Amino acid sequence: GPPPSALAPAPAPPGEARFAMKPEDVKLCMLMIARDEEANVRSHLPLYGPGFFDCYVLGVDSSTSDSTASAVSSILGPSVPGATFSFDYDGLGRARTKCLDRAWEEFGGWATHVMFVDPDWRPVEGTLNKGELVGEYTNYFFTIFDRNGKTSRSLDWLVIHEPSLSMKYNWHEQWSYPPTSPHPFLLPRSLSWQVTERTDNANWHEAAHGASDTYERYLFELGEVTRDWNSAPRYAGTPADPADPSGEEHRLLYYLGFANLALVEAAIEGRSSSPVPHERIVEHLDDAVKWLTMRADDRFLLPRPPPEGGAEGGGSVPRRMLGHMPNPSMSMSTLLYLGIVHSVYLKDDDAAASWFGSCARWFPDAYQCPLASSRMRLSSGLASAAWSDAVDAHNKRARTLANATYRSVTNKHEVGCALPLHVLRAARGAGVTIEEGAVL
């Protein structure tokens with residue numbers, strides 16, 4: 001048949017038809033925005049494999065000086081139709097929205113799904129399976145392992161292709177759906193897909209704002225998030241607006257706190273082009289505590305109540321969110337960060353224990369809460385309490401893993417879960433012996 005770009009854009013199929021789609025009917029369109037990312041594109045894009053993407057739209061920053069566009073085109077090949085356009089940077093949300101607009105112009109009614117791909121994402125071998133894109137879902141979450149090698153996050157940057165999709169915010173972009181869209185009202189799906197953030201060569205962003213974990217980069221990110229906060233004045237210092245239950249305030253509070261905490265860590269660890277004055281570090285620390293404490297307010301942790309008129313009533317709260325905590329992952333991280341700040345930087349173990357306890361109460365199945373508490377107690381010399389928390393953390397983590405056992409090999413310890421070294425340290429501190437192959 002003719003390439004999709006030769007087809008006249010058609011309205012999206014009605015919901016029933018779209019949701020009856022079979023995996024073999026999936027047409028996945030890659031969306032990418034880039035500036036001077038040729039090296040990353042050549043390193044990572046081939047790893048998605050031939051035929052994974054059925055079309056693409058590439059937005060190239062007008063200041064780009066390399067051959068990013070030709071790299072994308074040559075790697076995907078002539079059998080994958082695509083469109084490339086130039087844009088002037090004014091925040092990531094606006095750039096991604098332009099990409100979505102162009103995707104609908106070129107491939108609306110043909111491409112069934114769109115996925116934003118960052119040039120520095122390296123797919124984890126064997127995890128990408130297009131057969132998981134079944135039609136009864138509208139949003140799909142996949143896992144991104146962060147550059148720091150310590151953390152990961154889930155992102156729903158893969159959705160059913162519909163008209164008038166957009167993204168908001170200058171930094172840490174988020175979907176914004178038109179009133180007629182089914183996206184907010186249907187359940188998302190978590191995919192097995194995994195990618196790792198890897199920057200193999202310095203790109204423009206690193207040259208201008210520092211590497212991903214530097215003080216200069218986090219300072220740039222804080223400026224972008226502050227711009228988002230200042231452009232939403234009704235949130236600044238005021239209670240959440242009942243007329244806007246989508247939860248934008250809690251999101252901005254979290255990122256303001258996180259950026260300041262990241263600045264503290266980068267400054268203390270010397271990840272800056274020049275020494276950061278002590279008073280500036282204290283400023284960042286105070287701001288981190290301020291913003292995160294605001295984010296930890298119960299109104300952001302309690303489940304969202306149904307709108308007036310019952311659970312099926314009107315309003316802009318997605319039905320799938322009624323009775324659930326808004327963004328639980330962000331809420332848990334907030335409580336953990338507050339505990340860590342009070343333990344590591346403010347040396348207030350009582351306050352830290354309170355925050356870790358709050359984390360455990362709100363998230364009773366999460367291993368991260370007792371793990372953080374165990375580390376704090378071990379550093380304070382409370383060996384027995386540290387061991388108790390470590391066992392709790394291990395058991396919670398092990399429930400999601402098969403055959404989580406400890407094995408001792410020539411003074412090195414291998415384990416089927418994420419906590420081996422700390423659990424062993426806690427055991428030594430408490431005078432507990434772990435036998436080879438033991439299951440806690």
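Me: Which residues of H6 meet which residues of H8?

Reply: Tyr215, Leu219 and Trp229 in H6 meet Arg280, His284 and Trp291 in H8, where contact means heavy atoms within 4.5 Å. Keep in mind that this is a predicted model, where local features need pLDDT of at least 70 and side-chain atom pairs count only at pLDDT 80 or more, while totals for chains, interfaces and linings use all residues. Residues are numbered from 1 along each chain as its sequence is written, and side-chain values use heavy atoms, with hydrogens and water left out.

Me: How many residues of the H6 and H8 contact are nonpolar, polar and charged?

Reply: There are 4 nonpolar, 1 polar and 1 charged. Ala, Val, Leu, Ile, Met, Phe, Trp, Tyr, Cys and Pro count as nonpolar, Asp, Glu, Lys and Arg as charged, and the others, Gly among them, as polar.

Me: Why are H6 and H8 called oblique?

Reply: Their axes cross at roughly 45° and come within 14 Å. Angles under 35 degrees count as roughly parallel, over 145 as roughly antiparallel, 65 to 115 as roughly perpendicular and the rest as oblique, so H6 and H8 are oblique to each other. The crossing is also left-handed, that is, the near helix is turned anticlockwise from the far one by less than a right angle.

Me: What makes H12 and H13 roughly antiparallel, then?

Reply: H12 (residues 368-379) and H13 (residues 383-398) pack at about 160°, with axes 8 Å apart. Set against the cut-off for that class, H12 and H13 are therefore roughly antiparallel. The crossing of H12 and H13 is left-handed. On the H12 side the contact has Pro370, Leu371, Ser373, Ser374, Arg377 and Leu378, and among their H13 partners are Ala385, Asp389 and Lys396. That contact divides into 7 nonpolar, 2 polar and 4 charged residues.

Me: How do you know that aspartate 118 and arginine 96 make a salt bridge?

Reply: Their side chains come to 3.1 Å, N to O, and the rule asks for a side-chain nitrogen of Lys or Arg within 4 Å of a carboxyl oxygen of Asp or Glu. Aspartate 118 sits in the loop between strands S4 and S5 and arginine 96 in helix H4, so the pair ties together parts that are 22 residues apart in sequence. The structure holds 15 salt bridges.

Me: Why is arginine 96 called buried or exposed?

Reply: Buried means under 20% relative accessible area, exposed over 50%, partly exposed in between (1.4 Å probe, protein chains only). Arginine 96 has 3%, so buried is the word. Beyond its neighbours within four places in sequence, arginine 96 is in contact with residues including Ile33, Phe116, Trp157 and Glu173.

Me: What makes arginine 153 and aspartate 146 a salt bridge?

Reply: Their closest N and O atoms are 2.2 Å apart, which fits the rule. Arginine 153, at 33%, is partly exposed, whereas aspartate 146, at 15%, is buried.

Me: How do you know that glutamate 224 and arginine 227 are about one helical turn apart?

Reply: They are separated by 3 residues in helix H6 (residues 215-230), which means about one helical turn. Their closest N and O atoms are 3.2 Å apart, a salt bridge again. Glutamate 224 has 8% relative accessibility and counts as buried, while arginine 227, at 34%, counts as partly exposed. Both belong to a salt-bridge network with Asp90 and Arg94.

Methods: Axes are lines fitted to C-alpha atoms, for helices over the stretch in contact, and angles run from 0 to 180 degrees between N-to-C directions. Helices (H or I, at least four residues) and strands (E, at least two) are DSSP runs, numbered from the N terminus.
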